[in-house]
Amino acid sequence: MQAFRQVFRNTVGAPTISRAAAALQRGGKFILDIALPPLCPSCREPLGGGAGLCAACWSKLSLIEKPYCARLCIPFTYDPGPGLLSMEAIANPPAYDRARAAVRYDDVARALVLGFKYADRLDLAPRMGRWMARAGSELLADADGLLPVPLHWRRLWARRFNQAAALAGTISAASGVPVLHGAIVRVRATPQQVGLSKSERADNVQGAFRVPAEQKAHVAGKRLILIDDVLTSGATADTCAHALLRAGAAHVDVLVFARVVAPLRSPI
Ligand SMILES: [Zn+2]
């Protein structure tokens with residue numbers, strides 16, 4: 001098969017293979033599974049033994065490491081000293097205190113996150129969650145609870161699992177910080193944020209989250225971490241943090257797998 005692929009590629013080129021594979025996929029996945037081994041969603045090479053991405057693409061994920069803005073986790077090109085904030089954090093401070101992300105949301109991270117979110121790849125949660133636990137170790141050290149950003153029940157029903165809850169489960173196992181299920185709920189279905197500007201995103205999620213009355217005792221006075229897969233404009237995390245602070249939370253941080261770092265290139 002490998003030799004055949006190589007010959008085929010040399011003859012017709014990789015884009016033709018992708019088009020041929022897409023056509024085959026339309027024709028019948030059963031035929032495709034027999035004809036071709038599973039491909040990495042990022043580079044379209046055979047996945048080999050890799051989970052989610054091939055080994056080469058896992059190593060291409062771009063880790064976010066210090067120095068970065070202490071509040072927004074936007075990487076700095078030089079180290080301005082501890083605790084320094086980005087222009088964005090000063091001009092438009094979020095309701096949450098600190099955000100941390102494992103990797104940049106680039107094309108490789110995007111392929112992984114979309115596979116995880118829309119292709120029932122729950123098996124990726126342990127690996128992604130461990131990377132998040134490492135990136136968020138500072139926040140986890142003094143946290144009382146993890147709160148996965150909730151989906152509206154209709155979207156949860158359609159997608160069958162909440163990817164944020166799956167990540168929170170792994171982070172909880174790695175850190176010992178409990179997951180507070182149901183402490184914040186989505187009371188309004190919001191259209192997908194794809195293609196919206198920063199201010200449209202903020203309007204879109206305004207008032208969409210609430211802490212139920214019976215949950216207020218679990219939130220009041222607590223140091224909490226919101227968990228999600230991607231941080232884009234931060235509008236969703238900001239709205240959740242507002243709701244939690246109004247319910248009496250002492251402190252709200254945000255921990256995500258991937259963070260969009262300007263310029264914004266790809267929609268989620
Ligand atoms: Zn790959």
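Start by selecting β2 and strand β5 (residues 223–231): the two pair in the parallel sense over four bridges. Two strands count as paired if DSSP finds at least two bridges between them. Strands here are DSSP runs of E with at least two residues, helices are runs of H or I with at least four, and both are numbered from the N terminus. For one of the rungs, pick Leu147, whose bridge partner in β5 is Leu226.

A word on what you have loaded: this is a predicted model, in which local features need pLDDT of at least 70 and side-chain atom pairs count only at pLDDT 80 or more, while totals for chains, interfaces and linings use all residues. Residues are numbered from 1 along each chain as its sequence is written, and side-chain values use heavy atoms, with hydrogens and water left out.

**The sheet and a helix across it**

Now widen the selection to the open sheet of four strands, which has the order β1-β6-β5-β2 with parallel pairing. Its edge strands are β1 and β2 (145–148), each pairing on one side only. From one strand to the next, the twist averages 20°.

Add helix α13 next: α13 lies across β2, β5 and β6, running at about 165° to β5. That angle is taken between N-to-C directions on a scale from 0 to 180 degrees, with axes being lines fitted to C-alpha atoms, for helices over the stretch in contact.

Which helix holds Thr236? Thr236 is in α13 (residues 235–246). Thr236 counts as buried because its relative accessibility is 17%; buried means under 20% relative accessible area, exposed over 50%, and partly exposed in between, using a 1.4 Å probe and protein chains only. Leaving aside residues up to four places away in sequence, Thr236 touches Val149, Arg186, Gln193, Val205 and Phe209, where contact means heavy atoms within 4.5 Å.

**The zinc site**

Select the zinc ion and show its ligands: Cys40 (SG), Cys43 (SG), Cys54 (SG) and Cys57 (SG) coordinate it at 2.3 to 2.4 Å. Donors are N, O and S atoms within 2.8 Å of the metal (3.2 Å for Na, K and Ca); water is not among the atoms, so sites may look incomplete. The site of the zinc ion is tetrahedral, with angles of 107 to 116° among its four donor atoms; four donors get that label if all angles lie between 85 and 135 degrees. Along the chain, the donors of the zinc ion follow the spacing C-x2-C-x10-C-x2-C. Both Cys40 and Cys54 are buried.

**Salt bridges**

How many salt bridges does a search of the whole structure find? It finds seven, a salt bridge being a side-chain nitrogen of Lys or Arg within 4 Å of a carboxyl oxygen of Asp or Glu.

Go to Lys66 and Glu138, whose side chains meet at 3.8 Å, N to O. Lys66 lies in the loop between α4 and α5 (87–91) and Glu138 in helix α8 (residues 137–140), so the pair ties together parts that are 72 residues apart in sequence. Add Arg100 to see a network of salt bridges linking Lys66, Arg100 and Glu138.

For the last stop, select Arg98, which forms a salt bridge with Asp253, the closest N and O atoms being 2.9 Å apart. The pair links distant parts of the chain, with Arg98 in the loop between α5 and β1 (99–104) and Asp253 in strand β6 (residues 251–259), 155 residues apart. Arg98 and Asp253 are both buried. Arg98 also meets Asp97 in a salt bridge (3.7 Å, N to O).

Note on methods
Four donors count as tetrahedral if all angles lie between 85 and 135 degrees; four count as square planar and six as octahedral if opposite donors are over 155 degrees apart and all others between 65 and 115; anything else is irregular.
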